[in-house]
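Thanks for coming, everyone. Let me put the structure up, and then I will walk you through it.

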Amino acid sequence: MNQPMQPDLPDRPTSDRPILDGPIPDRPMQDQAGASEPVRRAIESFLYREARVLDEGDYGAWLAMLAPDIHYWMPFIENRRNEDPAGNYGPGRLAYYDDDLAYLKIRVKRMQASTAWSEDPATRQVHVVTNIEVEPTEDRSAEDRREFVVRSILLSYRNRGERDEGTQFARRTDLIRFEAGKWLLARRRILLTQNVLLSRNINTFF
Amino acid sequence: MAILETDNRPQAGANFTALIGEESQWTDRRIFLDEEIYQLELDQIFRRCWLFVAHESQIPEPGDFVSSYMGEDSVLIVRQADQSIVVLINTCPHRGNRVCHAESGKVRSFICNYHGWSFGRDGKFLGAHQQDAYDASRDFCQDRGQLNMPSAARVDSYKGLVFAIFDPDAPSLQDYLGDFCWYLDALLDNDEGGTEFFPGCYKYLVETNWKTPVENTSGDALHAGWTHASGPEALFGRAVAPDKGEHSYHVNQNGHCWQFNLDYPLGNAAALGEKRVLNYLRERNDQVVERLGEVRAKIMNAISCILIFPNLGILPGSMNFRVYHPRGPNKIEVHSWGLVNQNAPPDVKEAYRKGGMITFGPAGIFELDDGENWEFVNRASRGQQARRAPLYLGVGLGSEIEDANIPGHVSQGQMNEANQRSFFRHWADMMAAEDWTQVPGK
């Protein structure tokens, strides 16, 4: 029997890698522990460039900025009492994004498909990155590899057609890696400030 | 249409069939736009029908609760000490303030932020801040029942799905679902361990009338290959093969609808893009056939969609459950969840959770294409001339058949609008009926 929607799919390993799945302790940023000025500038440039390629819809360039082992996580934010031990987000719950690179590539493919009617005409978007803090990690597993915890705020503004608007603010915590002369995004946790998403969808990356 | 003239305002007893045509093959756009019709829908439909409010797995222990909506009423679904479930309207009988602002959690009692009135898990008034002032009042406590949080008239479950209703005179949940119990078993009872929801609930706003996504979910296989062309292209590099209609159907009863295609029994499940899910389903196929028979073993994952009247949509295969909560004639709040078999292995559950996210989550590659259509169906109909042009809903007129293996009213062919027509006929019946005795069983 012809079964059009059952092609061979790649085996996807069960995810057991560490993720940024809880509040990261807010250690005071000491001068000697903080990243050096050149590193800070390089990481800021990396984030600004990422924001620009997303604005331009250059998703190929964006995918090239991601580490092969990336975990890109945007949990759904729940309204729970302050005393509730479950917290207002967590791993294993519903999420907007809980992606590895293969998932992100599928999303990009769909964005770029000529049949993605709701992306044509294109959405106009601006990603504003601000409040960047850079902190080196202890990881010295490889001589030529350094990783930094980078916190930032993202303002995502979208405008479509005549007057459709979407505005979302999110707090991001990234793990940004320098390896073999290249900066890569290795982990991203995106905490949205909305419970009910005040838009009909999310056709953008954060 | 006479119904909108001044001498015939929308009210119970009015002729709503005039707005959808005798065979409901033409729909008057004003049923999606008119504020008076919308207000009447809240009373005639959302106050009188069984509404889906939760899955039992969300509130396993006494004191566990989740919040939801019944129409525009905010409600709390609370597990009691005796394992029964109570559905409270989330409003304080003192000044009307919202009592609980959390969407889920565990409580001993609910306390209103305004004057500190407190209520048990069952909504019974327990006491208030400055209680002596109330006790000194002449008529306080005369009827403590009036001090309780208001509640739904009845609550009942069908195999894990919790429904509540405000109308005490409505039929039982079992009768309300009718033959759709038989169908729903395909999703809810294909394994002895039953089902559960993943933790969490997607919530998002769409600027459309609630009936627009509802008629879509009732049977719109026609839009799948076109609207959602980009999803399969991204997943598989090609489009879905067109349906020939030989083994595909629309079935409906009392406003509930299911359309499915028996030729591609893993169609919707394959769209999750997860090999682990397909392997799990293939391994279990013989068991499911033994438990439920051939037809239901196929429809549980087929290219298909379901509507439970009035506003619960279900996507078999991807196991997405969603409610389109009305928010005025031009707005809805979508709540959506993922269902999975409780006994499924952890890696299969994880594959379902992520597959559900990437397909029908608010950033999902299929969900992204629906919202804009639904909003512009509404917006492009508001013009003074556009609103007078009726909408065509006649695909598959005359395709009704009898099939002993398939309960309900059956039409041949998935590329059909029979379910949508049956939804609007039931809508018109509910809008006109003064009470449940006047609702024709269909």
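Where in chain B does B:Pro310 lie? Find the loop between β16 (304-308) and β17 (312-315) of chain B, and B:Pro310 is there. The bond to look at is the one joining B:Phe309 and B:Pro310. That peptide bond is cis, with omega about 5°. Before I go on, a reminder: this is a predicted model.

Chain A has a cis peptide bond as well. It joins A:Asp120 and A:Pro121, and omega is again about 5°. A:Pro121 sits in the loop between α3 (101-112) and β3 (124-136) of chain A.

Why point these out? Most peptide bonds are trans, and most residues other than glycine have a negative phi.

That brings me to phi. In chain A, look at A:Ala180. Its phi is near 50°, which is positive, and the residue is not glycine. A:Ala180 belongs to the loop between β5 (164-179) and β6 of chain A. Is A:Ala180 buried or exposed? Exposed, because just 9 other C-beta atoms lie within 10 Å.

Chain B has such a residue too: B:Met319, with a positive phi near 60°. B:Met319 is in the loop between β17 and β18 (320-326) of chain B. Here the surroundings are crowded with 27 C-beta neighbours inside 10 Å, so B:Met319 counts as buried. The cut-off for buried is 20 or more.

Now the chains as wholes. Chain B first. It has 13 helices and 22 strands. Its radius of gyration is 23 Å, and the globule rule gives 22 Å for 442 residues, so chain B is as compact as a globular protein of that length. Along the principal axes, its C-alpha atoms fill a box of roughly 75 × 60 × 40 Å. Buried residues come to 52% of the 442. Take the contacts in chain B between residues at least 6 apart in sequence. Of these, 64% join residues at least 24 apart.

Chain A next. It has three helices and six strands. Starting at the N terminus, the order is α-α-β-β-α-β-β-β-β. Of its 206 residues, 27% are buried. For contacts with a separation of 6 or more, 62% are between residues 24 or more positions apart.

How do the two chains meet? The contact takes 45 residues from chain A and 52 residues from chain B. On the chain B side, several elements supply at least two residues each, including β19 (332-341), α9 (275-292) and α11 (346-360). Which element gives the most to that side? It is α7(B), with seven residues. By class, the chain B side has 26 nonpolar, eleven polar and 15 charged residues.

Two of those elements also pack on each other. The axes of α9(B) and α11(B) are 8 Å apart, at an angle of about 125°. That angle makes α9(B) oblique to α11(B). Their crossing is left-handed. From α9(B) come B:Arg276, B:Val277 and B:Tyr280, and they meet residues of α11(B), among them B:Asp347, B:Val348 and B:Tyr352. This contact of α9(B) with α11(B) has five nonpolar, one polar and two charged residues.

Here is another helix pair in chain B. Helix α5 (residues 211-219) and helix α13 (residues 418-432) pack with their axes 7 Å apart, at about 135°. Therefore α5(B) and α13(B) are oblique to each other. The crossing is right-handed. On one side are B:Val214, B:Glu215, B:Ser218 and B:Gly219 of α5(B); on the other are B:Asn419, B:Gln420 and B:Phe423 of α13(B). By class, the contact of α5(B) with α13(B) has two nonpolar, four polar and one charged.

Last, two single residues. A:Thr204 is in the segment after β6 (182-192) of chain A. It has 19 other C-beta atoms within 10 Å, so A:Thr204 is partly exposed. What does A:Thr204 touch, leaving out residues up to four places away in sequence? A:Gln125, A:Ser156 and A:Arg158. In sequence, A:Thr204 and A:Ser156 are 48 residues apart, yet their C-alpha atoms are 8.4 Å apart in space.

B:Arg238 is in the loop between α7 and β14 (248-253) of chain B. With 11 other C-beta atoms within 10 Å, B:Arg238 is exposed. Setting aside residues up to four places away in sequence, B:Arg238 touches B:Pro232 and B:Glu233.

That is the tour. Over to you.

Note on methods. Residues numbered from 1 in each chain as written. Chains lettered and ligands numbered in written order. Predicted model: local features only at pLDDT ≥ 70, side-chain atom pairs only at ≥ 80, totals over all residues. Contact = placed C-beta atoms within 7 Å. Helix = DSSP H or I, 4+ residues; strand = E, 2+ residues; numbered from the N terminus. Nonpolar A, V, L, I, M, F, W, Y, C, P; charged D, E, K, R; others polar. Rg over C-alpha atoms; globule rule 2.2 N^0.38 Å. Buried ≥ 20, exposed ≤ 12 C-beta atoms within 10 Å, placed from the backbone. Axes fitted to C-alpha atoms, helices over the stretch in contact; angles between N-to-C directions. Parallel < 35°, antiparallel > 145°, perpendicular 65-115°, else oblique. Left-handed = near helix turned anticlockwise from the far one by under 90°.
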